[in-house]
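Notebook open. I wanted to look at a sheet and then at the pockets.

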Amino acid sequence: MHAQLDHLVIAAASLAEGVAWCEATLGVTPAPGGSHPLMGTHNRLLNVSGDAFPAAYAEIIAIEPGKHPSRPRTRRWFDMDDATLQASIARHGPRLIHFAARVPDAHAATRALACEEHAHIDRGQLLEASRDTPAGRLEWQITVRDDGQRLFYGALPTLIQWGAVHPTDAMPASGLVLRSLRATHPRAPALAAALAAIGMTGIDIDAGAPNLIAVLDTPRGSVTLESQGL
């Protein structure tokens, strides 16, 4: 089992607010993204690949106005229907809330988390999703719980298995590089064990209040993004 960081998830109240935040905070304009009919969301993208995290990107994601998840009785991924998260983002602006890890076998990774040794962690159903892009059709399998929860305050990654095409294959350089990602959590040993179960390395885990911390090189210098317990 070997998992790699795939992308950071930055939630915004609207894509317009997300773009404005990105330009003001990171000094760049995000590239186009697309819509997710499965979840009623849409995004903009930023290549953050580097030596530490190859083929990595950041997505600025928001609920698409007037859209709803296509599956009945399903809440949106990444806790995006959570009232507390929505209120905090509306008040304080876009925030790093989560990350996704790509795996070669999402079924096996999901089973590894669900085993008794790891307290039967339910990472969610494995759903098939896709969207068309100018560079070709993106197809992926992704774990989504019916309740939409991220788990461990966003520090336990959503699992994703890509098809033949990865978003960064045609994503232009953004001027950003992800240098580090670390998390603090009151149940640090349990979180570390869960990450080890999927073969996730390169992310430091420490005991403390819930937080996810990403450090990026940007045109504005080093910028640190934090979830701050959201």
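I looked up L216 first: its bridge partner in β12 is V223. β11 (residues 211-218) and β12 run antiparallel, joined by 6 bridges; strands here are DSSP E runs of at least two residues and helices are H or I runs of at least four, numbered from the N terminus, and two strands pair if DSSP finds at least two bridges between them.

Note to self: this is a predicted model, with local features needing pLDDT of at least 70, side-chain atom pairs counting only at pLDDT 80 or more, and totals for chains, interfaces and linings using all residues. Residues are numbered from 1 along each chain as its sequence is written, and side-chain values use heavy atoms, without hydrogens and water.

Next I checked the strand order, which is β10-β9-β11-β12 in an open sheet of 4 strands with mixed pairing. β10 (204-207) and β12 (221-226) are the edges; each has a single partner strand, so one side of each lacks a neighbour in the sheet.

Then I went to the second largest pocket (an open set of 1 Å grid points, over the protein atoms alone, where a 1.4 Å probe fits, with protein on both sides within 12 Å along at least five of seven lines). Its volume is about 180 Å³, meaning the space filled by probe spheres set on the points, which are joined across faces, edges and corners. Lining residues, with an atom within 4 Å of a point, include D79, D82, R150 and F152.

Last, I noted that the largest pocket has about 270 Å³. Closest to its centre, of 17 lining residues, are P32, T133, P134, P167 and A170.
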